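Me: Hello! I am new to this structure and would like a friendly walk through it. Could you show it to me?

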Amino acid sequence: MVTVSPPSAAEAEVVDLVSALIRFDTSNTGEPETTKGEAECAAWVTAQLQEVGYETETIEAGAPGRANVFARLEGADRRRGALMLHGHLDVVPAEAADWSVHPFSGAVENGYVWGRGAVDMKDMVGMMIAVARHFKRSGTVPPRDLVFAFVSDEEAGGNYGCKWLVDNRPDLFEGITEAIGEVGGFSLTIPRRDGGERTLYLIETAEKAMLWMRLTARGRAGHGSMIHDNNAVTAVADAVAKLGKHQFPVVLTESVEQFLTAVADETGYTFDVDSPDLEGAIAKLGPIARIVGATLRDTANPTMLKAGYKANVIPATAEAVVDCRVLPGRLAAFEREVDEIIGPDVTREWITNLPSYETGFDGELLDAMNAAILSADPDARTVPYMLSGGTDAKHFARLGIRCFGFAPLKLPPDLDFAALFHGVDERVPVDALTFGTRVLEHFLLNC
């Protein structure tokens, strides 16, 4: 007979907490004057923590309303480095007309909690609050100090959140040696070579650099009706077209190689870096292939163009913005390759430069993550992976904090999880939230 433990207090309230968080419209437009809701949401988070006895500190990061909340729970061994759990309160905007439910309703329907932020990342924020409240109410003392950080502006790079805090308030992170946040700990169901299935839990150990590049071409202004051999628009358009079509070389970093090795071991798939159909092999993994495929090589995707002011005037300058995501250790080679592609007549500059990050899949903290997952899903396997996007971990890593993506969720095998990030009808399964809260409790009691 299998004995099922009753849900903890944290598991019992996590769904309501996540639903309440989603009802705060914390849309981050990237412009301070139109971004809203972070302060109200932060005040609500503060109230949830203070209600059970936490002392909290709220910091406005660089501008009014950009609120960040910190709380600490003392552990049994104060000599050990503290572990930080971080989650961002802001979300990307959502157009209500495109959704099946209102994106800020926090509706609980059909086994899901619906709304903008359900997976990015108010699910983890809700789990953090639920476990923090449960530990405080029950008098639980974790093995080491836990720092709970709820921050703003992650969706726009952290200038009014983690970047500002790391630059201006490093005292907040004193004694913190390790951290967990998004995007990792979620499940991926894959076919086994024997015909069955295996559930992998992907722990993020690496992130590509997030580099936004401005390309500028300068030419000779003139009348649109005349022959013109020095057209800035033509020059920047040519550079953008070449760069957007260019395929950078495959480079397997340690995290990606370990992930592919684990998948090959389970499935029998062959991931040959010299094969012309490597992407085809990756595609067998299903929707997650969009993330995994983007970690095989650097990418440079043109996203914005700006030129001209009148139909019959050839402008003197033209600009483009390119979203570049670069593998760890590849920046110098990437820049050389870009310079060859765009040529000498187009200049480039970085307008956002958040470095790559990679750590090993080893150590006591990883052992605790693995044990926590197996306590709830005994037949599972944890594996490392690289995130093609970026998180606040990029800023914390500058302080020497070892960072991981670990926001545990057990997902339905047919759920296109990758598509939910910034997507329409973003939602998180109710069962995944209670599972994640149970795993997070186990982890924090044994970390």
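Me: Which residues have the most contacts inside the largest nonpolar core?
Reply: This is a predicted model, where local features need pLDDT of at least 70, side-chain atom pairs count only at pLDDT 80 or more, and totals for chains, interfaces and linings use all residues. Residues are numbered from 1 along each chain as its sequence is written, and side-chain values use heavy atoms, leaving out hydrogens and water. A nonpolar core is a set of buried (under 20% relative accessible area, 1.4 Å probe, protein chains only) Ala, Val, Leu, Ile, Met, Phe, Trp, Tyr and Cys residues joined through side-chain atoms within 4.5 Å. The largest one has 99 residues, and those with the most contacts inside it are Phe 150, Ile 180, Phe 259 and Phe 443.

Me: Where does this core lie with respect to domain 1 and domain 2?
Reply: The domain bounds come from an automatic or database domain assignment, with domain 1 at 9-189 + 357-445 and domain 2 at 207-351. Both domains give residues to the core, so it lies between them.

Me: How many residues of domain 2 are in contact with domain 1?
Reply: Contact here means heavy atoms within 4.5 Å. On the domain 1 side there are 21 residues, and they are in contact with residues of domain 2 numbering 23.

Me: How many salt bridges are there between domain 1 and domain 2?
Reply: A salt bridge needs a side-chain nitrogen of Lys or Arg within 4 Å of a carboxyl oxygen of Asp or Glu. Between domain 1 and domain 2 the count is four.

Notes:
Buried means under 20% relative accessible area, exposed over 50%, partly exposed in between (1.4 Å probe, protein chains only).
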